[in-house]
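Work through the exercises below with the structure open beside you. Try each task before you read its solution.

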Amino acid sequence: MELDRMDENDWKYHGEGNKSLVVSHVQHCRVLRLLKYPAEDSENPPQTAEQAFRQIQNIVDFTSNVISCLLGEKFVHSGEVVRLPLEFVRQLSIKIQHQRPAWRCDKVMDIYSGCALCLPNLTSPTLHQPTPTPPLCIEIKPKCGFLPSPKHVSKDIKTRVCRYCMHQHYKVANGKWKRRSLYCPLDLFSGNKQRMHFAIRHLIEEPQNNLKVFKGGQCIYSSKEGSDESPDTNSLLHHLRPYFLRGNNRVNGHVTTKAVLNDFIQVLGNALLSAAGGDGGQVTDRTGEGRSFCEASLFNKERIRHGSQGLPTNNILSRILQTQMLDSLDIEGLYPLYCRVEQHLQDFPKDRTGLQIDGPYDQNFLEKVQKCLMEDDDSVEYAAAKVHQYRIAMTAKDCSIMVTLVPSSEEEDDDEDLSSQKRLRDFRPQAFSSSVSVLDLDPKPLDSVPRQLRLDQKIVSCYLRTGGTLP
Ligand code: ATP
Ligand code: ZN
Ligand code: MG
Ligand code: MG
């Protein structure tokens, strides 16, 4: 990629979140992730080009020095900051505008700084040999997978119903989504195959912003916010069918839709369970704590026939969960420590740098977080370290997992061959090789702490008011 000769025609709209917009290169496996601003600031960028550069450099540093150590470097791509010609960025923004979903257009793409984060395109893996069907990539935003400890929360309901499930009621009550999703993160993070299957099935039924499916780099399945229609599951199944023609699927020679869906969920669940990397990191065994089952989940506890398997060590889900659990005090227990830090910064503004409130996210920052005392010694250093831990946990609660499924090419799909060996092989779904990455790993700013407290209060009181009785 030659940065001085950029052509907007080489790039196309790929997707966006709340904070950034992503374009992908039409040939190379690269994406550019650009910042977004509220539309009312469009004439007046909220930060200078240098500040934007710093913000993106902070993302790179945070990802490579902090998150990568916690989640495992195998899963994490930190990318690099690039400076793009402003004319290119302007033309690009015009070119992609009509492809953006209307509900995301309350924000505009940053066309002033010329800075972007350049990352590998995780939906277009580099293939070593041609495959019969294009790779499938499944993006899951799993959200928080544990219940807070009763020690720190003021409302007992928070120890029984998980944050995601309560938030669903709030979002439906506020019209953000028309229907509640029956996905519960505690099921996905359980490591129990049946519970994981149940969770993934509900992600597919109501994907909201927690599931997207890409085929050959194109998004083929996702939700539209506020829309009355559910996304078209039949169209997804139509895309998936050619991938699951083998396996134990046939009724009178016909592969049923239910079987295709089951195989897909099974392959995805296995990919999530098998993804392990790096060393170190203990499994957090939560089975004895009673903090691993959410009362709002419709998964019937009696159905856990084989006991809870738990997550394997170094598995991607267990790494994400452990990192989320750096939030050990809950927002309610953390808030007084946040106030201690804020008060100190008001009295001694210069300490902002020493406490590394806005970075740099270097080795030293990671050490502060990892060597944080167990007991509060009333120091501002302790409070700052707990706030850092909380912010890292927030990143892990907001990140996405990208699972790549590459169909293997060695086995031939041969309907007529019923030799015993072939038939044996046919009793499992088509073989895929899978890999897993984590994306969306921005550091959260300090002022997200008071916002989180307010949101938490709103969500909990809404849940208690409606009694969790919404459809
Ligand atoms: P959120 O609102 O979830 O915080 P965000 O604004 O921080 O999102 P991202 O999640 O990083 O933005 O990116 C938006 C979307 O772009 C992702 O959901 C994903 O579909 C796509 N995307 C981001 N990075 C990549 C990548 N490296 N390769 C392929 N697709 C990507
Ligand atoms: Zn739940
Ligand atoms: Mg995202
Ligand atoms: Mg994000």
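**Exercise 1: the metal ions**

In this predicted model, the magnesium ion (ligand 4) has as its protein donors Asp 440 (OD) and Asp 440 (OD), which lie 2.1 to 2.6 Å from the ion.

Task: Find what Asp 440 bridges and where Asp 440 lies in the chain.

Solution.
- Step 1. Asp 440 forms a bridge between the magnesium ion (ligand 4) and the magnesium ion (ligand 3). These two ions are 4.2 Å apart.
- Step 2. In the chain, Asp 440 belongs to the loop between β13 (432-439) and α14 (448-466).

**Exercise 2: contacts of ligand 1**

Task: State which residues are closest to ligand 1, then describe its polar contacts with Pro 120, Leu 122 and Asp 440.

Solution.
- Step 1. Ligand 1 is surrounded by 20 residues, and the closest are Asn 18, Lys 19, Glu 139, Lys 141 and Asp 440.
- Step 2. A nitrogen atom of ligand 1 lies 2.9 Å from a backbone N or O atom of Pro 120.
- Step 3. A polar backbone atom of Leu 122 is 2.8 Å from a nitrogen atom of ligand 1.
- Step 4. The side chain of Asp 440 has an N or O atom 2.7 Å from an oxygen atom of ligand 1.
- Step 5. Ligand 1 taken alone exposes 610 Å², and the protein buries 93% of that area.

**Exercise 3: the shell around ligand 1**

Task: Sort the shell residues by type and explain why ligand 1 lies between two domains.

Solution.
- Step 1. The shell consists of seven nonpolar, six polar and seven charged residues.
- Step 2. Residues of the shell come from both domain 1 (3-120) and domain 2 (136-325 + 396-466), so ligand 1 lies between these domains.

Definitions and conventions
Residues are numbered from 1 along each chain as its sequence is written. Chains are lettered from A and ligands numbered from 1 in the order in which they are written. This is a predicted model: local features need pLDDT of at least 70, side-chain atom pairs count only at pLDDT 80 or more; totals for chains, interfaces and linings use all residues. Side-chain values use heavy atoms; hydrogens and water are left out. A residue is near a molecule or strand if one of its heavy atoms lies within 4 Å of it. A polar contact is a pair of N or O atoms within 3.5 Å; within protein, one must be able to donate a hydrogen and the other to accept it, and residues adjacent in sequence count only if both atoms are side-chain atoms. Accessible areas come from the Shrake-Rupley method with a 1.4 Å probe; for residues, only the protein chains shown count as cover. Ala, Val, Leu, Ile, Met, Phe, Trp, Tyr, Cys and Pro count as nonpolar, Asp, Glu, Lys and Arg as charged, and the others, Gly among them, as polar. Domain bounds come from an automatic or database domain assignment. Donors are N, O and S atoms within 2.8 Å of the metal (3.2 Å for Na, K and Ca); water is not among the atoms, so sites may look incomplete. Helices (H or I, at least four residues) and strands (E, at least two) are DSSP runs, numbered from the N terminus.
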